[in-house]
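Trainee: I should like a close look at a single part of this structure, followed by its surroundings. Please treat the matter in one connected account.

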Amino acid sequence: MTGWNAAVGRIVNPSRRRGGHLRTVASADVDSLDPARTYYVWSWLLQRTMHRTLMAFGTDPASPAVVPDLAEAPGAVSGDGLSWTYRIRRGARFETGEEITAYDIRYALERVFAQDILPGGPTYLLDLLDHGGHRGPYRADAEGLKAVECPDERTLVLRLRRPFADVDHLMAQPNTAPVPRLRDTREAYGRAPVCSGPYRIRSHEPGRSLHLVRNPQWDPATDAVRSALPTELTVSFGVEVDELDARLLSGEFHLDAEGRGIQHAARDRILADPRLRARADNPATGFLQYVTVQQAVPPFGNVHARRAVFHAADKAALLEARGGDGVGGTLATSLIPPSLPAHPGSDRYPSGGDLTGDLDAARAELAAAGLPEGFRTAIGTQPGKFALVARALAASLARVGIESEVVVLDTASYYRAGLGSPATVRRLGLGLGVTDWGADYPTEYGFLAPLVDGRQIKHGGGNFNFAELDDPQVNALVDRANGEPDAERRRSLWQSVERTVMDRAVILPMAHDRTLHYRHPDLTNVYVHPAFGLYDIQALGLVGDGDADPTGMGEGDA
């Protein structure tokens, strides 16, 4: 089966054939190979080939559900909702041959608390676990993480501060991948992490390439998630985006591992060629494309200056820069995506019938801010479509006297040390930033909390609350919504969170994202993972003779 959108909700070319060399490409390196420090969605998918987690997102192309991975079953919840207990399956091993135990997973969770040394990854556990001020395992006076208990080597118990329904989803994140304490090298661990999945790292040349080969200690009998069909997998980094598309369509690479989406030139070629179009998918990814407004950068401490940007933005031009209505996404006037129950569909800042902005309203807000002639600022962005959006935004704001310098930052470090670093934002004066966001897991909390909950601001880098919004009303609403057991009242509370955030004018929604992906005809088991909006790289195989090894063994297995 093939065809347009054939890999959305279905599997294209199902096969169990083993062997071959899966060649992939990306415009930039991963943010980190340390499972505690990665936050790029494509890095999370790549991590699934190297590391196992307590729970994992499953492989049903029509469901984003999580399933047991190193755990034997989903967590068993106590009557008061304050403890979750997991039993660890037997037989799973690190690439070193050591059997994985509950102690290795507890140590991985301890590392999440060392944010001064290991920033960059998700930090839900810092607020959720009853940790008593634990700051990670590296301090001289460090005690164990008392909120995580191991009664024995096969049992893991989490102690929470308050009931939280989504713990199984958190246990599917990369930072639950086991780490052997004696092999931890702190901030250098990402150079040579100890793998527990079906592949191990043969070589990593930062900014150039990653080469994965089979992990001979991986036992498929213990792993119901990963198929591990190719003999080896490589990622070539640092390829300019238009060149990347050209080499992908030529057949040199099987997959764009990064999944940023086909750029404009190749998009037009694909849509015009029935043969290429039949190998393309254009899923709604669940991502929000948006512009963030940083309150810490003058004059954006003034809400009227922020609202001026919202009214002046030419949403038609911004959407066209993304790829146009349809292929590039659908116009977003609110934050929560249509895939979630609390999606409101409201429009706090209408931009006119032609969507080009309300310039009179923008000028009125500038006058209210005491800036009737406008002001100067900078827009942080990264190469590719993000840069096109930034330039379109600068042009639209110039119509009301807001002059904007477009500052293009490095893609690989964009969220760790660029827009995600409050210090960098202040140093470069990045009053505005072009970015996107997809839920860490598909609930309203997983989508909104990292963007708007002030307790999740990360001052050391890897911050996704770019606006540094720490509003007591918003924080309280987040807690009420997250703790509400009634579905209808919970939906209403999340809509209240969104209304309050939109009133503060710190996140300008642009598009509910669609991304154009291209799949090589030699790929098997291709599907867009519904939790990530990208192809599930760990599921892929290859057809044809080529360099395939029917035994499934090959170079690097010994």
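Is cysteine 195 buried or exposed, and what is its relative accessible area?

Mentor: In this predicted model, cysteine 195 is buried, because its relative accessible area of 0% falls under the 20% limit. Cysteine 150 is likewise buried, since its value of 12% also lies under 20%. As to bonding, a disulfide is a covalent bond between the sulfur atoms of two cysteines. A search of the whole structure returns zero disulfides.

The position of cysteine 150 leads to a sheet, for residue 150 falls within β6 (148-152). Four strands make up this open sheet, arranged in the order β4-β5-β7-β6 with antiparallel pairing. β4 (76-77) and β6 stand at its edges; each has a single partner strand, so one side of each is left without a neighbour in the sheet. Within the sheet, β5 (residues 83-87) and β7 (residues 155-159) run antiparallel and are joined by five bridges. Serine 83 is placed opposite arginine 159 of β7.

A separate feature is the largest pocket, whose volume is about 530 Å³. Its lining comprises 28 residues, and Ala284, Thr285, Gly286, Ser339 and Pro530 lie nearest the centre. By class, the lining residues divide into 17 nonpolar, nine polar and two charged. Both β13 (284-293) and β18 (507-514) supply at least two residues of the lining. The largest share, four residues, comes from β13.

Note on methods:
Residues numbered from 1 in each chain as written. Predicted model: local features only at pLDDT ≥ 70, side-chain atom pairs only at ≥ 80, totals over all residues. Heavy atoms only, no water. 1 Å grid on protein atoms, 1.4 Å probe; cavity = no way out; pocket = protein on both sides within 12 Å on 5 of 7 lines; lining within 4 Å. Points joined across faces, edges and corners; volume = space filled by probe spheres on them. Nonpolar A, V, L, I, M, F, W, Y, C, P; charged D, E, K, R; others polar. Disulfide = S-S within 2.5 Å. Buried < 20%, exposed > 50% of the residue type's maximum accessible area, 1.4 Å probe, protein only. Pairing = 2+ DSSP bridges.
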